[in-house]
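User: I am new to reading protein models and would like a close look at a single part, the main nonpolar core, with enough of the surroundings to place it. Please take it slowly and connect one thing to the next.

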Amino acid sequence: MRNRVREQRTQREMSQAELAASLGVSRQTVISIESGRYLPSLPLAFAIARFFGLTVDKMFDPDEEEAGT
Amino acid sequence: MKTFIRPRLRKPLGIALAGTVFAAAWAMRGGNAWWLSVAIEVTVLVGAITFYVRAGDDNDEGALASSRADERQKALSLRSRALGWNFTVVTAFSGVTAGTALKASWSWPFLVILAVAGFGYLLGLSNYGVAEEEPADDAGPRHPAGSPAT
């Protein structure tokens with residue numbers, strides 16, 4: 001599953017640690033989500049989407065494979 | 001009581017407490033090797049301090065050690081525990097089987113471990129809702145019996 005977390009975060013010039021603190025998760029979890037190694041729970045997926053002002057389906061695309069995986 | 005203890009201290013204190021209880025049990029046992037209880041206590045305290053120091057690390061192990069894990073880290077811990085449970089069950093089953101084949105008297109602890117693991121698994125299924133599963137809602141208002149789709 002492809003997601004736009006890294007793209008949205010870099011657009012806002014945020015660090016992974018800042019995003020992690022805003023979402024209440026660890027920096028390692030943000031790294032894992034961005035790389036596609038971890039699929040977040042539904043509440044966390046909604047929290048991420050809300051944080052960036054997008055809908056969940058805009059943030060996470062189940063039809064696209066993560067590049068390099 | 002848990003809420004009064006800082007998250008980072010909880011697990012190291014648990015380790016220290018468990019180790020102290022075991023060291024006390026060893027001391028109560030008496031005999032010539034009573035002094036080993038002191039060695040056990042020192043080892044446990046060093047281990048608890050090391051655990052406390054590692055709990056400050058900015059990684060998954062540190063987060064788990066300091067009771068500040070997020071959902072991914074909790075899932076990681078859960079999967080690791082499940083793997084540990086699998087190893088325990090396989091070991092216990094091997095012990096029971098070998099003990100049975102050899103007519104050995106030492107196999108009953110393996111049987112107890114196997115029974116406790118099985119009971120814990122069934123308790124988990126019961127607690128987490130499998131036993132309370134509701135019947136399938138096949139005849140809901142949106143899918144009347146004999147609808148054109150059937």
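Analyst: In this predicted model, the largest nonpolar core holds 16 residues, and those that touch the most other members are A:Val5, A:Leu19, A:Ile33, A:Ile48, A:Met59 and A:Phe60. Three helices of chain A, namely α2 (16-23), α3 (27-34) and α4 (42-52), each supply at least two residues of this core. Of the contributors, α4(A) gives the most, with five residues. As a general background, nonpolar side chains tend to be buried together in soluble globular proteins.

To see how one member is placed, it helps to follow A:Val5 through its neighbours. Leaving aside residues up to four places away in sequence, A:Val5 touches A:Leu19, A:Ile33, A:Ile48, A:Phe52, A:Met59 and A:Phe60, and the list also includes A:Glu34. Among these partners, A:Leu19, A:Ile33, A:Ile48, A:Met59 and A:Phe60 were already named, together with A:Val5, as residues that touch the most other members of the core.

For a contrast within chain A, consider A:Glu13, which sits in the loop between α1 (5-11) and α2. The residue has a positive phi of about 55 degrees, although A:Glu13 is not a glycine. Is A:Glu13 buried or exposed? Its relative accessibility is 73%, and because exposed means over 50%, A:Glu13 counts as exposed.

Chain A also meets chain B, and the contact takes 11 residues from chain A and seven residues from chain B. Between them the two chains bury about 680 Å², of which 38% is on carbon and sulfur atoms. On the side of chain A, the residues that lose the most area to chain B are A:Gln28, A:Thr29 and A:Tyr38, which together account for 57% of what that side buries.

Turning to the partner, chain B comes to five helices and zero strands, and read along the sequence it follows the pattern α-α-α-α-α. Of its 150 residues, 20% count as buried. Among contacts in chain B between residues at least 6 apart in sequence, 38% join residues at least 24 apart. One residue of helix α1 (residues 7-29) in chain B is B:Val21, and although valine counts as nonpolar, B:Val21 is exposed, with a relative accessible area of 53%. The C-alpha atoms of B:Val21 and B:Glu41, which are 20 residues apart along the chain, are separated by 9.1 Å.

Chain B has its own counterpart to the loop residue described above: B:Lys103 lies in the loop between α4 and α5 of chain B, and has a positive phi of about 55 degrees although it is not a glycine. With 79% relative accessibility, B:Lys103 counts as exposed.

The helices on either side of that loop also take part in the largest pocket, since α4 (71-101) and α5 (108-127) of chain B each supply at least two residues of its lining. The volume of this pocket is about 380 Å³, and its lining includes B:Leu78, B:Arg81, B:Trp85, B:Tyr121 and B:Asn127. The largest share, seven residues, comes from α5(B), and by type the lining divides into eight nonpolar, three polar and one charged.

Technical notes: Residues are numbered from 1 along each chain as its sequence is written. Chains are lettered from A and ligands numbered from 1 in the order in which they are written. This is a predicted model: local features need pLDDT of at least 70, side-chain atom pairs count only at pLDDT 80 or more; totals for chains, interfaces and linings use all residues. Side-chain values use heavy atoms; hydrogens and water are left out. On a 1 Å grid over the protein atoms alone, a cavity is a set of points where a 1.4 Å probe fits but cannot get out, and a pocket is an open set with protein on both sides within 12 Å along at least five of seven lines; lining residues have an atom within 4 Å of a point. Grid points are joined across faces, edges and corners, and a volume is the space filled by probe spheres set on the points. Helices (H or I, at least four residues) and strands (E, at least two) are DSSP runs, numbered from the N terminus. A nonpolar core is a set of buried Ala, Val, Leu, Ile, Met, Phe, Trp, Tyr and Cys residues joined through side-chain atoms within 4.5 Å. Buried means under 20% relative accessible area, exposed over 50%, partly exposed in between (1.4 Å probe, protein chains only). Contact means heavy atoms within 4.5 Å. Buried area is the accessible area (1.4 Å probe) that two parts lose on being put together, summed over both.
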